[in-house]
Amino acid sequence: MDKEKFNEIIKAIGTCEDEAERRTMLAELSEATSKVFDENASLTETNKSVIDDNEKLRSANQKLFLMVGADKTDQQRVEDQTGLKEETKEPRKFENLFNEKGELK
């Protein structure tokens with residue numbers, strides 16, 4: 001039921017002489033308002049849930065934003081971006097390049 005129909009029924013109740021018709025209109029209004037109040041309660045609960053979720057998201061974003069400005073070494077930045085740790089390899093010595101037969105290892 002929309003607002004205009006609701007107002008029309010209220011006006012009709014005020015001018016109605018027949019008691020049975022008035023009770024019928026009041027019952028119709030009662031059903032319509034019950035639906036409106038139920039929907040309002042549901043929407044209020046959903047709104048509260050969305051507000052709480054947005055606050056959690058804002059808090060998490062704030063923590064991440066503050067982490068951006070933290071001082072990190074170049075190696076830590078590379079690890080954060082790639083997820084790979086750069087291992088330092090020892091350079092091979094000339095003696096280790098060949099096996100006993102003189103072939104490359």
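So, to kick off: is Gln75 buried, partly exposed or exposed? Keep that one in mind for a minute. What you're looking at is a predicted model, and I'll start with the overall picture.

We've got three helices and zero strands, so the order from the N terminus is just α-α-α. The radius of gyration is 38 Å, while the globule rule gives 13 Å for 105 residues, so this protein is more spread out than a compact globule. If you line the C-alpha atoms up along the principal axes, they fill a box of roughly 120 × 35 × 15 Å. Buried residues make up 6% of the 105. As for the accessible surface, that's about 10,100 Å², with 53% of it belonging to carbon and sulfur atoms.

Okay, helix H2. That one runs over residues 19–68, so 50 residues, and spans 73 Å from first C-alpha to last, close to the expected 74 Å. Its buried residues are Met25, Leu29 and Ala32, and they pack against helix H1, residues 3–15.

Back to Gln75, then. Gln75 sits in helix H3, residues 74–82, and it's partly exposed: the relative accessible area is 45%, which falls between the 20% and 50% cut-offs. Compare its position with Ala41: those two are 34 residues apart along the chain, and their C-alpha atoms are separated by 54 Å.

Last stop, the segment after H3, where you'll find Leu104. Leu104 is exposed, because its relative accessible area is 64%, over the 50% mark. Together with Phe94 and Phe98, Leu104 makes a nonpolar surface patch of about 350 Å².

How values were computed: Residues are numbered from 1 along each chain as its sequence is written. This is a predicted model: local features need pLDDT of at least 70, side-chain atom pairs count only at pLDDT 80 or more; totals for chains, interfaces and linings use all residues. Side-chain values use heavy atoms; hydrogens and water are left out. Helices (H or I, at least four residues) and strands (E, at least two) are DSSP runs, numbered from the N terminus. Buried means under 20% relative accessible area, exposed over 50%, partly exposed in between (1.4 Å probe, protein chains only). Patches are made of residues with over 30% relative accessible area and no salt bridge: like charges are joined within 9 Å, nonpolar side chains (Val, Leu, Ile, Met, Phe, Trp, Tyr) within 5 Å. Accessible areas come from the Shrake-Rupley method with a 1.4 Å probe; for residues, only the protein chains shown count as cover. A salt bridge is a side-chain nitrogen of Lys or Arg within 4 Å of a carboxyl oxygen of Asp or Glu. The expected span of a helix is 1.5 Å times one less than its number of residues. Contact means heavy atoms within 4.5 Å. The radius of gyration is taken over C-alpha atoms; the globule rule is 2.2 Å times the number of residues to the power 0.38.
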